[in-house]
Amino acid sequence: DEGSGEPVVCVHGNPTWSFQFRNLVLGLRDRRRTIALDHVGCGLSDKPGDAAYDYTLGRRVDDLEALLARLVPEGRLSLVLHDWGGMIGMAWAVRHPGRVARIALANTAAFGLPPGKPFPWQLSLARGPLGALFVRGFDAFVRGTCRYCVARPMAPAVRAGYHAPYGAWAERIAVHRFVQDIPLSPRDRAHAVLAATEAGLDRFRGTPAMILWGARDFVFDGPFLAEWVRRWPHAEVHRFPDARHLVVEDEPDEVLRLLAGFLP
């Protein structure tokens with residue numbers, strides 16, 4: 001939470017943490033108050049067990065609502081959303097549409113799978129019977145993100161930064177629960193929040209919006225971008241043909257330049 005001015009709230013996904021927004025905080029704090037949070041179980045936040053915390057989408061949205069009620073109790077703010085941050089941040093926005101000044105999205109969704117889009121096998125594996133072994137035992141999800149979600153190899157210090165909060169089985173609980181909580185059918189616990197958020201997206205057809213899209217993302221790929229464009233034809237779209245899921249890592253300078261212009 002740095003800087004002053006109208007707030008910008010950066011909401012991360014899985015298995016990242018506020019570390020991914022470090023360049024944005026440094027680049028924006030001289031003219032905007034920039035807030036980058038860590039979800040419960042992620043980054044430097046506490047990592048409680050299942051008995052102490054309900055790792056599902058509804059609780060994540062409630063957490064964001066409680067945090068912003070404390071940090072930014074009134075006035076308008078802008079959102080920068082990536083991966084699960086899109087679903088969580090837009091669910092909050094649907095609850096508080098009058099408080100949203102601008103929205104910037106990067107490789108994310110706030111709706112179900114686009115028509116004809118299969119669910120990635122890598123995520124199916126992580127959700128399945130061996131998921132805990134791979135995700136929590138072998139740290140495969142964080143390792144895979146650092147290797148396959150960028151177009152250029154991460155510098156060792158950056159890779160270490162992404163790994164730092166998730167060094168042991170117990171510390172990877174949120175990484176696994178996020179994958180298990182992806183709503184694919186009405187039977188899934190998070191589906192009701194997904195449905196309500198998707199239904200509310202039309203409220204923002206007049207809200208200034210920017211989409212920053214890594215075109216080589218194997219999860220949030222072309223069909224997801226096309227769905228955003230269909231829903232928000234007014235949005236300013238920037239495609240990065242060589243970037244993957246972590247577009248903020250592949251194109252840090254250009255992403256900062258674009259966001260700095262979008263968030264005056």
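## Helix α2 against helix α3

In this predicted model, helix α2 packs on helix α3 through a broad list of residues. From α2 come L57, G58, R60, V61, D62, L64, E65 and L68. They meet W84, M87, I88, G89, A91, W92 and R95 of α3. By type, the contact residues split into 9 nonpolar, 2 polar and 4 charged.

The two axes lie 9 Å apart, at an angle of about 60°. The crossing of α2 and α3 is right-handed.

## Helix α3 and its surroundings

Helix α3 covers residues 84-95, which makes 12 residues. At 1.5 Å a residue, α3 should span 16 Å. The C-alpha atoms at its ends are 17 Å apart, in agreement with that expectation.

How many of the 12 residues of α3 are buried? The count is 11, so the helix is largely enclosed by the rest of the structure. The cut-off for buried is under 20% relative accessible area. The buried set runs W84, G85, G86, M87, I88, G89, M90, A91, W92, A93 and V94.

Several elements supply the enclosure. Among the helices, the buried residues of α3 pack against α2 (57-71), α8 (173-180) and α9 (191-200). Among the strands, they pack against β1 (7-11), β3 (77-83) and β4 (100-108).

## Helix α6 against helix α7

A second helix pair is formed by α6 (residues 140-148) and α7 (residues 156-163). Their axes are 10 Å apart and make an angle of about 150°. Angles over 145 degrees count as roughly antiparallel, and α6 and α7 are therefore roughly antiparallel to each other. Their crossing is right-handed.

Which residues make the contact between α6 and α7? V142, R143 and C146 come from α6, while R159, Y162 and H163 come from α7. This contact divides into 3 nonpolar, 1 polar and 2 charged residues.

## Strand β5: I211 and G214

Strand β5 holds I211. Is I211 buried or exposed? I211 is buried, with a relative accessible area of 0%. Leaving out neighbours within four places in sequence, I211 is in contact with L105, L225, W228, A235, E236, V237 and H238. The C-alpha atom of I211 is 11 Å from that of F262, and these two residues are 51 residues apart along the chain.

G214 also sits in strand β5. G214 is buried, with a relative accessible area of 0%. Beyond residues up to four places away in sequence, G214 touches N107, F220, F240, A243, R244 and V247. E251 is 37 residues from G214 along the chain, yet their C-alpha atoms are separated by 9.0 Å.

## The loop before β5: T207

Where is T207? T207 lies in the loop between α9 and β5 (209-214). T207 has a relative accessible area of 11%, under the 20% limit, so T207 counts as buried.

Its contacts, leaving aside neighbours within four places in sequence, are V100, A101, R102, I103 and H234. V100, A101, R102 and I103 fall within the span of β4 (100-108), the strand that also packs against the buried residues of α3.

Note on methods: Residues numbered from 1 in each chain as written. Predicted model: local features only at pLDDT ≥ 70, side-chain atom pairs only at ≥ 80, totals over all residues. Heavy atoms only, no water. Helix = DSSP H or I, 4+ residues; strand = E, 2+ residues; numbered from the N terminus. Expected span 1.5 Å × (residues − 1). Buried < 20%, exposed > 50% of the residue type's maximum accessible area, 1.4 Å probe, protein only. Contact = heavy atoms within 4.5 Å. Axes fitted to C-alpha atoms, helices over the stretch in contact; angles between N-to-C directions. Parallel < 35°, antiparallel > 145°, perpendicular 65-115°, else oblique. Left-handed = near helix turned anticlockwise from the far one by under 90°. Nonpolar A, V, L, I, M, F, W, Y, C, P; charged D, E, K, R; others polar.
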